[in-house]
Amino acid sequence: GSIWIECNGKRFFGPGPVELLERIHETGSINQAAKQTQMSYKKAWEIINMLNTQAASHLVVTQTGGASGGGSIISTEAKELIAWHRSLRDRFKTFLEKETGKLGT
């Protein structure tokens, strides 16, 4: 099974965006996060723009230029949303295991 959150009838937050945000947090780079998730940079940007547009506040904050060459960070809200989604997935997995166990009876 899979679980995600919808907004205005469209998928908003699920395993793909969670992984992308986690990789951005780890690497500080949208480009590196996209590579690690085997996603095109364009697709990563589309997901980030969708998240930032539909969320109450930006989940990914980009920093341009400078001596270190810029980079990206995820917001506190993004970290909280990731934790909440992981908890939701754990509860969903427990539910699926319980219901699957009933199939043999």
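## Close-up views of a predicted model

**View 1. Helices α1 and α4 cross in this predicted model.** Helix α1 (residues 15–27) and helix α4 (residues 76–102) have axes that come within 10 Å and cross at roughly 135°. Angles over 115 and up to 145 degrees count as oblique, and the two helices α1 and α4 are therefore oblique to each other. Their crossing is left-handed. From α1, the residues to look for are P15, V18, L21, E22 and H25, which meet A78, K79, I82, H85, R86 and R89 of α4. Sorted by type, the residues of this contact between α1 and α4 comprise five nonpolar, two polar and four charged.

**View 2. Helix α1 also packs against helix α3.** Here the axes of α1 and α3 lie 11 Å apart, at an angle of about 100°. That angle makes α1 roughly perpendicular to α3. On the α1 side you will find P17, L20, L21 and I24, and on the α3 side A44, I47, I48 and L51. The contact of α1 with α3 is made up of eight nonpolar residues, with no polar and no charged ones.

**View 3. The largest nonpolar core has 21 residues.** Within this core, the residues with the most contacts are F13, L20, L21, I24, L51, V60 and I74. At least two core residues come from each of β2, α1, α2 (30–36), α3 (41–54) and α4. Take L51 as a starting point: leaving aside residues up to four places away in sequence, L51 touches F12, F13, P17, L21 and L59.

**View 4. S72 sits in strand β4 (residues 71–74).** Is S72 buried or exposed? With a relative accessible area of 7%, S72 is buried, because buried means under 20%. Which residues does S72 touch, not counting those up to four places away in sequence? They are I24, G28, S29, I30, V60, V61 and T62. Two of these names, I24 and V60, may be familiar from View 3, where they are listed among the core residues with the most contacts.

**View 5. G9 lies in the loop between β1 (5–7) and β2 (10–13).** The relative accessibility of G9 is 63%, so this glycine counts as exposed; the cut-off for exposed is over 50%. To place G9 with respect to helix α1, look across to L20, which lies eleven residues from G9 along the chain. The C-alpha atoms of G9 and L20 are separated by 22 Å. L20 itself belongs to the contact of α1 with α3 shown in View 2.

Technical notes: Residues are numbered from 1 along each chain as its sequence is written. This is a predicted model: local features need pLDDT of at least 70, side-chain atom pairs count only at pLDDT 80 or more; totals for chains, interfaces and linings use all residues. Side-chain values use heavy atoms; hydrogens and water are left out. Helices (H or I, at least four residues) and strands (E, at least two) are DSSP runs, numbered from the N terminus. Buried means under 20% relative accessible area, exposed over 50%, partly exposed in between (1.4 Å probe, protein chains only). Contact means heavy atoms within 4.5 Å. Axes are lines fitted to C-alpha atoms, for helices over the stretch in contact, and angles run from 0 to 180 degrees between N-to-C directions. Angles under 35 degrees count as roughly parallel, over 145 as roughly antiparallel, 65 to 115 as roughly perpendicular and the rest as oblique. A crossing is left-handed if the near helix is turned anticlockwise from the far one by less than a right angle, and right-handed if clockwise. Ala, Val, Leu, Ile, Met, Phe, Trp, Tyr, Cys and Pro count as nonpolar, Asp, Glu, Lys and Arg as charged, and the others, Gly among them, as polar. A nonpolar core is a set of buried Ala, Val, Leu, Ile, Met, Phe, Trp, Tyr and Cys residues joined through side-chain atoms within 4.5 Å.
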